[in-house]
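Colleague: I am new to this structure and would like to learn how to read it. Could you walk me through it?

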Amino acid sequence: MKNKVFRILVGSFILISLLLSVYVNQNWLWFTVFIGVNLIQSGFTKWCLLETILSKLGIKN
C-alpha cells in the first residue's frame, strides 16, 4: 500500500511542479529537480524521507 501511495504522491508532485513552472514561475522546476535527485539518492541509500513520513502517518507496507 505504501508503494502505491508513494508513487501517486511523487507523480502528483512532479505534475504540479511542472504546471506551476508553466503558469506561475519557472523556478518551480527546481522542485522537480529536487524530486528527481531524491529518487536517485533513495535508490543508492535505500532511504527516502517521504517513506518515513508515510510510515509515521500510519500507512503500512
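**Reading the helices and their packing**

Modeller: Gladly. This is a predicted model, and we can begin with one residue. Setting aside neighbours within four places in sequence, Cys48 is in contact with Phe6, Asn38 and Ser42.

Colleague: Before going further, how many helices and strands are there in the protein chain?

Modeller: The protein chain has 3 helices and 0 strands, so from the N terminus on the elements run α-α-α. The C-alpha atoms fill a box of roughly 35 × 20 × 15 Å along the principal axes.

Colleague: How should I describe two packed helices?

Modeller: Two packed helices are described by the angle between their axes and by the distance between those axes. Take H1 and helix H2 (residues 29-45): their axes come within 7 Å and cross at roughly 155 degrees. Angles over 145 degrees count as roughly antiparallel, which means H1 is roughly antiparallel to H2. The crossing of H1 past H2 is left-handed.

Colleague: Which residues in H1 meet H2?

Modeller: From H1 come Phe6, Val10, Phe13, Ile14, Ser17, Leu18 and Ser21, and they meet Leu29, Phe31, Thr32, Ile35 and Leu39 in H2. By class, this contact of H1 with H2 has 9 nonpolar residues, 3 polar and no charged.

Colleague: At what angle do the axes of H1 and H3 cross?

Modeller: The axes of helix H1 (residues 2-23) and helix H3 (residues 49-56) cross at roughly 125 degrees and come within 11 Å. That angle makes H1 oblique to H3. The crossing of H1 and H3 is right-handed. In H1, the residues Lys2, Val5, Phe6, Leu9 and Val10 meet Leu50, Glu51, Leu54 and Ser55 in H3. The contact of H1 with H3 divides into 6 nonpolar, 1 polar and 2 charged residues.

Colleague: And what about the interior: which residues make up the largest nonpolar core?

Modeller: The general idea is that in soluble globular proteins, nonpolar side chains tend to be buried together. Here the largest nonpolar core has 6 residues, namely Phe6, Val10, Ile35, Cys48, Leu50 and Leu54. H1 and H3 are the elements that give two or more residues to this core. Phe6 also appears among the H1 residues that meet H2 and among those that meet H3.

Colleague: What share of the protein chain counts as buried?

Modeller: Of its 61 residues, 20% count as buried. As for contacts with a separation of 6 or more, residues 24 or more positions apart account for 58% of them.

Note on methods: Residues are numbered from 1 along each chain as its sequence is written. This is a predicted model: local features need pLDDT of at least 70, side-chain atom pairs count only at pLDDT 80 or more; totals for chains, interfaces and linings use all residues. Side-chain values use heavy atoms; hydrogens and water are left out. Axes are lines fitted to C-alpha atoms, for helices over the stretch in contact, and angles run from 0 to 180 degrees between N-to-C directions. Helices (H or I, at least four residues) and strands (E, at least two) are DSSP runs, numbered from the N terminus. Angles under 35 degrees count as roughly parallel, over 145 as roughly antiparallel, 65 to 115 as roughly perpendicular and the rest as oblique. A crossing is left-handed if the near helix is turned anticlockwise from the far one by less than a right angle, and right-handed if clockwise. Contact means heavy atoms within 4.5 Å. Ala, Val, Leu, Ile, Met, Phe, Trp, Tyr, Cys and Pro count as nonpolar, Asp, Glu, Lys and Arg as charged, and the others, Gly among them, as polar. A nonpolar core is a set of buried Ala, Val, Leu, Ile, Met, Phe, Trp, Tyr and Cys residues joined through side-chain atoms within 4.5 Å. Buried means under 20% relative accessible area, exposed over 50%, partly exposed in between (1.4 Å probe, protein chains only).
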